[in-house]
Amino acid sequence: APKCPPTACISSSGSDSDTSAQLYGGLGVGYKLTKQLSVGAAWDFSRAEFAGEKADVNAYSIGLTFDF
């Protein structure tokens, strides 16, 4: 495989509702395997409130991208 530098991104945002501000954040990394093929993984975190119940939500994802 060719020598390609890994890529990374960090993002965050927030929302403001009538009751409180909620936290959202994420972290993702990717690696280009060839000129057209790359893989990536990400983690997203948010705090949610629904019907009076509060919860921390973690979402994990992996992906394969083919550019043509």
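Strands here are DSSP runs of E, at least two residues long, numbered from the N terminus. The model is predicted.

**Exercise 1. Place Ser 38 and decide whether Ser 38 is buried or exposed.**

Step 1. Locate the residue. Ser 38 sits in strand 3, residues 37-50.

Step 2. Apply the cut-off. Buried means under 20% relative accessible area. Ser 38 has 18% relative accessibility, so Ser 38 counts as buried.

Step 3. List the contacts, leaving out residues up to four places away in sequence. Ser 38 touches Tyr 31, Lys 32 and Leu 33. Gly 63, Leu 64 and Thr 65 are also touched by Ser 38.

**Exercise 2. Find how many aromatic pairs there are, and classify each.**

Step 1. Count. There are two aromatic pairs.

Step 2. Take Trp 43 and Phe 45. Their centres lie 6.2 Å apart, with 35° between the planes. Stacked needs planes under 30 degrees apart, and edge-to-face over 60. This pair is therefore tilted.

Step 3. Check exposure. Trp 43, at 33% relative accessibility, is partly exposed. Phe 45, at 15%, is buried.

Step 4. Take Phe 66 and Phe 68. The centre-to-centre distance is 6.4 Å and the angle between the planes is 25°. That pair is stacked. Both Phe 66 and Phe 68 are exposed.

**Exercise 3. State where confidence is lowest and where highest.**

Step 1. Start with the whole protein chain. Its mean pLDDT is 77, and 69% of its residues reach 70 or more.

Step 2. Go to the extremes. Strand 1 (residues 7-16) is lowest, at a mean of 54. Strand 4 (residues 53-66) is highest, at 90.

Step 3. Draw the consequence. Predicted coordinates should not be read in detail where pLDDT is low.

Technical notes
Residues are numbered from 1 along each chain as its sequence is written. This is a predicted model: local features need pLDDT of at least 70, side-chain atom pairs count only at pLDDT 80 or more; totals for chains, interfaces and linings use all residues. Side-chain values use heavy atoms; hydrogens and water are left out. pLDDT is the predictor's confidence in each residue, from 0 to 100. Helices (H or I, at least four residues) and strands (E, at least two) are DSSP runs, numbered from the N terminus. Buried means under 20% relative accessible area, exposed over 50%, partly exposed in between (1.4 Å probe, protein chains only). Contact means heavy atoms within 4.5 Å. Rings of Phe, Tyr and Trp (its six-membered ring) pair if their centres lie within 6.5 Å; planes under 30 degrees apart count as stacked, over 60 as edge-to-face and the rest as tilted.
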